[in-house]
Amino acid sequence: MIADQDNVFFCLLSLRFSPLVPGWFISIASPLTPVPLWQFVLATLLGVCPVSLVAVKTGATLTRLESGEGGLVENGKHVGLLLLLAALAALPAFYQRLKAKQYSTTGLKGFR
């Protein structure tokens, strides 16, 4: 997924938003890729906040379920929102890749 230095931040941000990829895996794998430290720190700060809020909301939902109240649908909406944020954060990286592919097929490789 990380193919171009311009897309590293957006790819990392998308992975941080995603509830499907564990945060510890991203933290361990990032030094193995060409991610500048400032991009790693910024993507981590921006990406961990929504995931943490969903974790807190999940705990609150579980507490309400133990007391007999509902709330499971509300938590599913938050996970869906995280998936949507992950997809939106990946859009600039996919756009850059599509644009580069288009220029390479037309013969304008160095032109951006």
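**Note on a predicted all-helix chain: Ser 18 and helix α1**

1. Ser 18 sits in the loop between α1 and α2, the latter spanning residues 23-29. The model is predicted. Ser 18 has a relative accessible area of 11%. The cut-off for buried is under 20%, so this loop residue counts as buried.

2. What does the side chain of Ser 18 reach? It reaches the backbone nitrogen of Leu 20, at 3.2 Å. That distance falls within the 3.5 Å limit for a polar contact between N or O atoms.

3. Next, helix α1. It covers residues 8-17 and has 10 residues. Eight of them are buried, so α1 is largely enclosed by the rest of the structure.

4. Which residues of α1 are buried? Val 8, Phe 9, Cys 11, Leu 12, Leu 13, Ser 14, Arg 16 and Phe 17. Note that Arg 16 and Ser 14 are on this list alongside Phe 9 and Phe 17.

5. Now the chain as a whole. It has four helices and zero strands. Along the sequence the pattern reads α-α-α-α. Of the 112 residues in the chain, 24% are buried.

6. On contacts, consider pairs of residues at least 6 apart in sequence. Of the contacts between such residues, 67% join residues at least 24 apart.

7. Last, the surface. The accessible surface of the chain comes to about 7,400 Å². Carbon and sulfur atoms account for 71% of that area.

Terms used:
Residues numbered from 1 in each chain as written. Predicted model: local features only at pLDDT ≥ 70, side-chain atom pairs only at ≥ 80, totals over all residues. Heavy atoms only, no water. Buried < 20%, exposed > 50% of the residue type's maximum accessible area, 1.4 Å probe, protein only. Helix = DSSP H or I, 4+ residues; strand = E, 2+ residues; numbered from the N terminus. Contact = heavy atoms within 4.5 Å. Areas by Shrake-Rupley, 256 points an atom, 1.4 Å probe, with all protein chains shown as cover. Polar contact = N/O pair within 3.5 Å; in protein donor to acceptor, adjacent residues only side chain to side chain.
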